[in-house]
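Student: I have just opened this one and don't know my way around yet. Could you walk me through it?

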Amino acid sequence: MFHFLFSAASLGIGAASGLVGYWQARQFTTNKLRYVDAVHRGYVPIVAGAAALLVATPVVAILPLVGAGTAILFGGGVAMGVSAGAKDIRRRIGAG
């Protein structure tokens, strides 16, 4: 019974970290980086996601109930958020 509860909690924490990473990265990209041309390059979401993964790895190593999957979900969420934020900027200025 406890194994199920800990697994469900771990899954919820992982999903929440991915969603929060996506939302925060999209908001930051849309609001703060709207005048930065480099955010539209193809490798920027990958670099941002990898940086988020590297920052999250030591944090999840010391926390209970979370593991490497949480850090990977967080990095992926940040990468997708940066990509979506850059797309929002392009939509606003009418560049496609």
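Student: Which elements of the protein have the lowest and the highest mean pLDDT?

Tutor: This is a predicted model, and among its elements α1 has the lowest mean pLDDT, at 94, while α2 has the highest, at 96. Over the protein, the average pLDDT is 94, and 98% of the residues score at least 70.

Student: OK, and what makes up the largest nonpolar core?

Tutor: Seven residues do, namely Ala25, Val39, Val44, Ala52, Val78, Val82 and Ile89. Helices α2 (44-62) and α3 (68-93) each supply at least two residues of this core, and the largest share, three residues, comes from α3.

Student: What does Val78 touch, leaving out residues up to four places away in sequence?

Tutor: Val78 touches Gly21, Tyr22, Ala25, Ala48, Gly49 and Ala52, and of these partners Ala25 and Ala52 are also listed in the largest nonpolar core.

Student: Switching to the outside, which residues form the nonpolar patch on the surface?

Tutor: That patch is formed by Met1, Phe2, Phe4, Leu5, Phe6, Ile13 and Leu65, which together have about 810 Å² of accessible area. Ile13 lies in helix α1, which covers residues 2-32, whereas Leu65 lies in the loop between α2 and α3.

Student: Why do Ile13 and Leu65 count as partly exposed?

Tutor: Partly exposed means between 20% and 50% relative accessible area, so Ile13, at 36%, falls in that class, and so does Leu65, at 39%.

Student: And what is the phi of Leu65 near?

Tutor: Phi of Leu65 is near 70°, which is a positive value in a residue other than glycine. Most residues other than glycine have a negative phi.

Note on methods:
Residues are numbered from 1 along each chain as its sequence is written. This is a predicted model: local features need pLDDT of at least 70, side-chain atom pairs count only at pLDDT 80 or more; totals for chains, interfaces and linings use all residues. Side-chain values use heavy atoms; hydrogens and water are left out. Patches are made of residues with over 30% relative accessible area and no salt bridge: like charges are joined within 9 Å, nonpolar side chains (Val, Leu, Ile, Met, Phe, Trp, Tyr) within 5 Å. Accessible areas come from the Shrake-Rupley method with a 1.4 Å probe; for residues, only the protein chains shown count as cover. A salt bridge is a side-chain nitrogen of Lys or Arg within 4 Å of a carboxyl oxygen of Asp or Glu. Helices (H or I, at least four residues) and strands (E, at least two) are DSSP runs, numbered from the N terminus. Buried means under 20% relative accessible area, exposed over 50%, partly exposed in between (1.4 Å probe, protein chains only). A nonpolar core is a set of buried Ala, Val, Leu, Ile, Met, Phe, Trp, Tyr and Cys residues joined through side-chain atoms within 4.5 Å. Contact means heavy atoms within 4.5 Å. pLDDT is the predictor's confidence in each residue, from 0 to 100.
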